[in-house]
Amino acid sequence: MSGRHRPRITCHEEMRTDPYTGGRLDLVWTMRCSCGHTREFQVTLAPASYAYGKSEAQRARREHLEAVAPRPDERCRAPKDHRCRWWDDCGLCAGQMVLPGL
Ligand SMILES: [Zn+2]
Ligand SMILES: [Zn+2]
């Protein structure tokens, strides 16, 4: 039985101390998975970098899920019916071949 991965993406403001400018308010995008895997992306407060940080966090989420997912031919064939996500090990699909005629 392996743990499930349920990543969440959040963002918060954080004051950084800079030896040159004193202090700066930055935006930190965090991708944190229920397995403990965490990636942080620190960007400035400008709108363009806000979007950039968000897309980086989403990319990190995707990369993490691709890394933990079963091989493509072993992934769940019906995530909706089996109540799991495409990257989960599905107990219903594991070890089962598709039965002809069903
Ligand atoms: Zn995870
Ligand atoms: Zn399944």
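**Close-up 1. S34, an exposed loop residue in a predicted model.** Start with S34, which counts as exposed because it has 11 C-beta neighbours inside 10 Å. Look for S34 in the loop that sits between β2 and β3. Leaving aside residues up to four places away in sequence, S34 touches R4, H5 and R6. P7 is worth finding too: 27 residues separate S34 from P7 in sequence, yet C-alpha to C-alpha they are 6.0 Å apart in space.

**Close-up 2. The open sheet, in the order β1-β2-β3.** Here are the 3 strands, paired antiparallel. β1 and β3 take the edges with a single partner strand each, so one side of each has no neighbour in the sheet. On average, and ignoring direction, neighbouring strands are turned by 30° against each other.

**Close-up 3. Where β2 meets β3.** Zoom in on this antiparallel pair and you'll find 6 bridges joining β2 to β3. To get your bearings, pick out V28, which stands opposite Q42 in β3.

**Close-up 4. Helix α1 from end to end.** This one follows α1 through residues 47-68, 22 residues in total. From first C-alpha to last, α1 reaches 32 Å, close to the 32 Å expected at 1.5 Å a residue. Which residues of α1 are buried? They are G53, A57 and A60. These sit on the same side of α1, because the arc they cover around the axis is only 60°.

**Close-up 5. The other face of α1, turned away from its buried side.** Flip to this face and you meet the exposed residues P47, A48, A51, S55, E63 and E66.

**Close-up 6. α1 lying across the strands.** What does α1 lie across? The answer is β1, β2 and β3, with α1 running at about 30° to β2. The strands also help to cover the helix's buried residues: β1 (8-18), β2 (22-32) and β3 (38-43) are included in that cover.

**Close-up 7. Stepping back to the whole protein chain.** Zoomed out, the secondary structure comes to 1 helix and 3 strands, and from the N terminus on the elements run β-β-β-α. The protein chain has 102 residues, of which 10% count as buried. Take the contacts between residues at least 6 apart in sequence, and 33% of them join residues at least 24 apart.

Terms used
Residues numbered from 1 in each chain as written. Chains lettered and ligands numbered in written order. Predicted model: local features only at pLDDT ≥ 70, side-chain atom pairs only at ≥ 80, totals over all residues. Helix = DSSP H or I, 4+ residues; strand = E, 2+ residues; numbered from the N terminus. Expected span 1.5 Å × (residues − 1). Buried ≥ 20, exposed ≤ 12 C-beta atoms within 10 Å, placed from the backbone. Arc of directions from axis to C-beta. Contact = placed C-beta atoms within 7 Å. Pairing = 2+ DSSP bridges. Axes fitted to C-alpha atoms, helices over the stretch in contact; angles between N-to-C directions.
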